[in-house]
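Q: I should like to learn how to read the architecture of a model, beginning with its domains and ending with its strands. Where should one start?

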Amino acid sequence: MRKKWMKVALASASCVMAMALAGCGGGTTSDGNSLKVGVIGPLTGPAAIYGEAVKNGAQLAADEINASEPKFNVEIMAQDDEHDAEKSVNAYNKLRDEGMQVLVGTTTTAPGTAVGAEAYKDRVFALTPSASGPAVIEGNDNVFQLCFSDPNQGVAVADYMAKNYPDAKVGVIYNNADNYSSGIYDKFKSTWEGKGKQIYATEAFSDDANADFTAQLNSMKNAGVDMVFLPIYYTPASNIMTQANKMDYKPTYFGVDGMDGILALEGFDTDLAEGVLLLTPFTAYSEDETSQKFVKAYEKAYGDTPIQFAADAYDCVYAVYNAFDKSGASVEDDAATICEAMIKTFTGDFTYSGLTGQNMKWNKAGEVDKTPKVCVIQDGKYIEK
Amino acid sequence: MVRKKKIKAPATPKRLLKGAVKGSEYKREAFIAYAILILGYGFLQLGAGLGIIGHNLQGQFVPICVYVSLAISLNLVVGISGELSLGHAGFMAVGAFSGVVMARILETYISVSSVQLLLSMIFGALVAALAGLLIGIPILGLRGDYLAIVTLAFGEIVRNIMNVLYFGIDETGLRFAFNHTIPLADNSQRIITGAIGATGIRQKASFTAGIFLALFTLFIVLNIKNSKHGRAIMAIRDNRIAGESIGLDVKKFKLTAFVVSAGLAGMAGALFAQNYSTLAPIKFSFNTSVLILVFVVLGGIGNIWGGIIAAALLTILPEALRQFADYRMLTYAIVLILVMIATYNPTIKSTLQMRIHKVTSRIKKRRKETGKEVA
């Protein structure tokens, strides 16, 4: 019985091997005067919305650069990683086979940690638009973040609150099963308390119990909290706002970038979000001229309103382009040579101003230094404060 | 997938136990399986050395070895013992995380990284085998679908525990917690951080280590299959009542297969973990268990070298299809369906059978002739 299909298996085996080998030698269609920028993100699977945004944002930036008759072109090569570390390393290796010189990636943190280590070994310069976990850049001198790292969001919020709302009675509701949320909370707490301030109430929830917040809200109310910090994603945040409204509790809410998207949430009364403050690097509703231009171009090219990830990737490509131009490296250099030149430029006096921040600078650890943007929701729009 | 039970007239448990049946078939199977592994290793190493094979395929050498080992070890439960297990990724996870912790501890005592790797793999195997024993004792009395459900649940439990497990190391020793709000001492290094998993793993895995793992797994499984123990396991699989009637301890034999399989999966997990700098619990979801089961089913349940080929090909396939860009996963699904149809199609089967029969009979004839000449 088994013998029968063994041949089929062998035949298909040789078929696939041939394909694999053919794929390996796959040449690139390059005109010889372009910088090959690799992009890695989840283009399929549940996180695909982020990967697609990064790919589109990067492509848009490259198209703009190439249309401006530059000294050298930028060629974007995107690969899918399905938001999986193993697949991400495969995608990275595929890009290396295709001659990638600089990496803009990865999009998400777990794959970014794995790819960061590989890029460090192979000396490929990497600038991630949105992999915000601290492990992505840890120990890797050639991996840089364009976004705030998770803990730094906590610091930024504490600083902003201390400056603008010094008398607020602050309470926190966070998700203790989620690293993003607990990471921000930890750092917020230590920074806030380091300033001699007090957190009046702290309540946690987990992904399994994110529908009913009555207990947490009562605790906030009883402690007299008038500013609730929500380092969480927008879906549980919307539940919190709805239920607080029902119990006639009206504090000021403060969110982080995970709050971005609350206005687009179906079935949510956006009136409840009026006056919500949030820390976000980019909003599509900004009055800012460069943002407006970007949003229009993006909508024209992809028929979709850009999210923060698209803006991050757009900035990444421009930052890489500018830094490369400044570094004096040539597009004919190999990835390792470019890497050293780029590290030197990035950790030097290079600054970049774009959609997601002004005068961004990078330290040796790979973290970005930029002024955080705080927006307030007014009349269903983000208004920069 | 239900295994077809073919009751062959002469294969009574007693005859099987004596090893009188199919002795030469075992040899042939072992030969093919070893040959595939060794030749595959040789070809791929040669290709990598000559620069024909790109980074993409080279990067998959270790995962291929790991998946091949997992397919072989799962075959011990699904094919040889005849039980459906849907929790293989759970054992892999247990081995992976305990291997990572062990490797980190060993780094302070042993300087040779290959020794660290070897010891951590053995440790991963032991812990996973222990997990297999603990889960196996109460559940192996269950049959068929029930066992599948319990193993499925086991895999999910392991993943969920890993999601909240924090492990650190400092000068006083190991520290662990089930909630991040219990702070590990500030000067302790975190090894495992809840849902983020392990980060900063030193990458020690190599293709050679991978092939040794696959060969070792194959050696263990084939030897069990070809031993008195293995024949007892298969006798129970084919006819439980008959097995019991001649005094075989059903639970003991099933448990042996289950525990060995779990241990081997843990070993593979420990190697897999040390091929990347990071390891997240989400990797060991139900999907991974099913993926391993697909290797086994596509390779033919109980057919060890079939599983080896299936595991290797299905690992490479999604990568080889990258040129289809947006249609990659669609193409992958279509290819899978086509392979399934082709391998189980009676017309294709019969034509192939005829071809193979012709070839083999010709070889046999020639052998006989040459044998006579020698004689």
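A: This is a predicted model. One may start with the domain centres: taken over C-alpha atoms, those of domain 1 of chain A and domain 2 of chain A are 31 Å apart. Domain 1 covers 34-148 + 290-369, while domain 2 covers 151-280.

Q: How many residues does each domain of chain A bring to the contact?

A: Four residues come from domain 1 of chain A and seven residues from domain 2 of chain A. On the side of domain 1 of chain A that touches domain 2, two are nonpolar, one is polar and one is charged.

Q: At what angle do helices H4 and H8 of chain B pack?

A: Helix H4 (residues 61-80) and helix H8 (residues 207-225) of chain B meet at about 10 degrees, and their axes are 8 Å apart. Because angles under 35 degrees count as roughly parallel, H4(B) is roughly parallel to H8(B). Contributors from H4(B) include Phe61(B), Ile72(B) and Ile80(B), and those from H8(B) include Phe207(B), Leu218(B) and Lys225(B). The residues of this contact comprise 15 nonpolar, five polar and one charged.

Q: Which strands stand at the edges of the open sheet in chain A?

A: In general, strands of a sheet pair through backbone hydrogen bonds, either parallel or antiparallel. Here three strands form an open sheet in the order S11-S12-S13 (chain A), with antiparallel pairing. Strands S11 (352-354) and S13 (368-369) of chain A are at the edges; each has a single partner strand, so one side of each lacks a neighbour in the sheet. Two bridges join S11(A) to S12(A) (residues 357-362) in the antiparallel sense, and Gly354(A) has Gly357(A) in S12(A) as its bridge partner.

Conventions:
Residues are numbered from 1 along each chain as its sequence is written. Chains are lettered from A and ligands numbered from 1 in the order in which they are written. This is a predicted model: local features need pLDDT of at least 70, side-chain atom pairs count only at pLDDT 80 or more; totals for chains, interfaces and linings use all residues. Axes are lines fitted to C-alpha atoms, for helices over the stretch in contact, and angles run from 0 to 180 degrees between N-to-C directions. Helices (H or I, at least four residues) and strands (E, at least two) are DSSP runs, numbered from the N terminus. Angles under 35 degrees count as roughly parallel, over 145 as roughly antiparallel, 65 to 115 as roughly perpendicular and the rest as oblique. Two residues are in contact if their C-beta atoms, placed from the backbone, lie within 7 Å. Ala, Val, Leu, Ile, Met, Phe, Trp, Tyr, Cys and Pro count as nonpolar, Asp, Glu, Lys and Arg as charged, and the others, Gly among them, as polar. Two strands pair if DSSP finds at least two bridges between them. Domain bounds come from an automatic or database domain assignment.
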